[in-house]
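Visitor: I'd like to go through this one with you and ask how each label is earned. Could you bring it up?

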Amino acid sequence: MVERVNVEDTIKDPVEKFRISYEYMKFIFDYAPDAYYLLDSEGTLIDANMAAERLTGYKKEEFIGRKIVEVGILAQDHIPKALKLLAKNALGEPSGPDEFILNRKDGKEAIVEIVTYPVEIKGKKLILGIAHDITERKNMERKIKEYSENLEKLVKQRTEDLEKTTKFLEMIIENVPDLMYIKDRDLRYVLVNESFCKFFGLPKDKILGRTLYDIASKDLADYFTKQDMDVLKTKKIFYMPEATLRDASGTKRVLCTTKAPLRDEEGNVTHIIGVTRDITENKRMEEELLKAERLAAIGETAAMVGHDLRNPLQVLMNLVYLAEEVLKNSSRECLDLLEKHGLSDLCSRIRDQIGYMDKIVSDLQDYTRPFKLSIEEIKLKEFLNSIVENLTIPDNVKILNEVGEDMYISVDRLLMTRVFVNIITNAIQAMPNGGNLTFRAYERDCWKCVSISDTGIGIPKENLSKIFTPTFTTKAKGQGFGLAVSKRFVEAHNGKITVESNLGEGTKFIICIPSRGV
Ligand SMILES: Nc1ncnc2c1ncn2[C@@H]1O[C@H](COP(=O)(O)OP(=O)(O)OP(=O)(O)O)[C@@H](O)[C@H]1O
Ligand SMILES: [Mg+2]
């Protein structure tokens, strides 16, 4: 029979509490849920309860009489701490709770929290140790810690990924050549990219929060706002394949626009996203291609027609020559009669017209036929003189060949002859009342340049950009191929041809060929 003692009434000190009844203590001791053990002041195990056996997996008999720090139950690195606490107990002080790792008999580890109390039993100073198994709690704590650390890592990683993706997206939006923008329902810009700012010639902070009316002309704003309203109303994607507008610098640009509604989770349109592509260059290329295709077609026809016409033209030329020979050899009376009817004049007009037809065929062929350069070094001054000699120069046109004797150019003789003939012919035609035709040459940077200046009628400003275009002519009998052919041939030499002109004063064409040759 265990005597019940009301410890609450008598003693508050836990050390004293255990001294009250050995039996009572023994009962509590044996059946306590925590591991209880008794050590003597040297740290030798005197007794342990059932929970201690369960905790360690050892029978208490295996350790009784042995020093607790020597039996191997305490983790090696915890022994100094245990010794310190034993010393504390020896001074009559309790300790703990302190955490220790125990090596169980089955090789596993147990984590415990130990409190100790110095007690006196039958006049002997002993130490009561209570070890509370916190392995489970510790494992849980460790797992929770691991889990939260992982979670933290994951969140950090995800945040970084998100930041990276956001930055990447921002970089794409910022750098795409297309104009990109997002407007809210009030049609105020909430996002615009660099290309958009460039087009309107405004910094971002002058665009964000504003509408198109604040940054563009009313006409343009009206035009685009109508589309925005349509997108908001129909909630459908709007596509405008082509529209011509002027950018900040006033340059005409051809734009292709797509606008799409952005919806919230309930499907309400909250924003409009727009992408506008500048297709000016594509359009220009398309037109160039069309032109090239047209010219290729002309070329094919020209080659065919030219080839077929050349022979009959030659025959006609021979026939005129024969007719003139017959005329020359006719008797005086016959000649007078034929002259009376203007036959020799007719013959020369026929010859002119044949020459004209021949020129048409040559021009067309020159502009379209493929060719290969045959480069030779030519003394420029003599070259120009020989060209002039073969042309009919009116008396009122004075040729001033000021090219230096030492100027040589490496070119294809035949092609450059065509170029100079065309330009000189134009110059003469531009001086119906006579004037000066001056040739000069100089070497500058990596170029050898020849200038051909006339004192003729000049070219109106609005025509300057057109004169190298095939078929552009201001002359009644012009083909408009002369300069186009010249440009083609000069560029085939990797050269360039430019023009300066003052209306009523004259025109200067400058041909530059790379000094080091083609
Ligand atoms: N020296 C010049 N002075 C004034 N206008 C010129 C001069 N050279 C060229 N032009 C202008 O450039 C146009 C195009 O010249 P281009 O030589 O290509 O054709 P064209 O002379 O009209 O005809 P063609 O095919 O017979 O040469 C001319 O019609 C003329 O208006
Ligand atoms: Mg011409």
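Visitor: What makes you say that helix α6 lies across β3, β4 and β5?
Guide: This is a predicted model, and the call rests on contact, meaning heavy atoms within 4.5 Å. Helix α6, residues 135–175, lies across those three strands and runs at about 140° to β4. Helix α5 (residues 79–90) lies across β1, β3, β4 and β5, at about 145° to β3.

Visitor: What is the strand order in the sheet with β3, β4 and β5, and how do you know which strands are at its edges?
Guide: The order is β2-β1-β5-β4-β3, an open sheet of five strands with antiparallel pairing. β2 (45–48) and β3 (95–103) each have a single partner strand, so one side of each has no neighbour in the sheet, and that puts them at the edges. On average, neighbouring strands here are turned by 30° against each other, direction ignored.

Visitor: Why do β3 and β4 count as a pair?
Guide: Pairing takes at least two bridges. β3 and β4 (residues 109–121) have seven, in the antiparallel sense, so they count as a pair by that definition. To put residues on it, Leu102 stands opposite Ala110 in β4.

Visitor: And what makes β1 and β2 a pair?
Guide: Three bridges join β1 to β2, against a requirement of at least two, so they pair too, and they run antiparallel. Leu38 has Asp47 in β2 as its bridge partner. In the hairpin of these two strands, four residues sit between them, and Gly43 takes a positive phi near 90°.

Visitor: What about the sheet that holds β10; which strands are its edges?
Guide: That is another open sheet of five strands, antiparallel, in the order β7-β6-β10-β9-β8. β7 (189–192) and β8 (238–246) are the edge strands: each has a single partner, so one side of each is left without a neighbour in the sheet. The twist from one strand to the next averages 25°.

Visitor: How many bridges join β9 to β10, and what packs on that sheet?
Guide: Nine bridges join β9 (residues 252–263) to β10 (residues 269–278), and the two run antiparallel. Among the bridge partners, Cys256 is matched with Arg277 in β10. Helix α10, residues 280–329, packs on the sheet and touches β8, β9 and β10, its direction making about 130° with that of β9.

Visitor: Now the rings. Why is the pair of Tyr181 and Phe196 called tilted?
Guide: A search of the whole structure finds 10 aromatic pairs, and this is one of them. The ring centres are 5.2 Å apart, and the cut-off is 6.5 Å, so the two rings pair. Planes under 30 degrees apart would be stacked and over 60 edge-to-face; here the planes are at 50°, so the pair is tilted. Tyr181 lies in strand β6 (residues 179–184) and Phe196 in helix α7 (residues 194–200), so the pair ties together parts that are 15 residues apart in sequence.

Visitor: How do you know that Lys359, Asn426 and Thr473 make polar contacts with ligand 1?
Guide: The limit is 3.5 Å between N or O atoms. From an oxygen atom of ligand 1, a polar side-chain atom of Lys359 lies 2.8 Å away, an N or O atom in the side chain of Asn426 is also at 2.8 Å, and one in the side chain of Thr473 is at 2.5 Å. Each distance is within the limit, so each counts as a polar contact.

Visitor: How much of ligand 1 does the protein bury, and which residues come nearest?
Guide: Taken alone, ligand 1 exposes 590 Å², and the protein buries 94% of that. There are 21 residues around ligand 1, of which Asn426, Asp454, Thr473, Thr474 and Lys475 come nearest.

Methods
Residues numbered from 1 in each chain as written. Chains lettered and ligands numbered in written order. Predicted model: local features only at pLDDT ≥ 70, side-chain atom pairs only at ≥ 80, totals over all residues. Heavy atoms only, no water. Axes fitted to C-alpha atoms, helices over the stretch in contact; angles between N-to-C directions. Near = heavy atom within 4 Å. Polar contact = N/O pair within 3.5 Å; in protein donor to acceptor, adjacent residues only side chain to side chain. Areas by Shrake-Rupley, 256 points an atom, 1.4 Å probe, with all protein chains shown as cover. Phe/Tyr/Trp six-rings, centres within 6.5 Å; stacked < 30°, edge-to-face > 60°.
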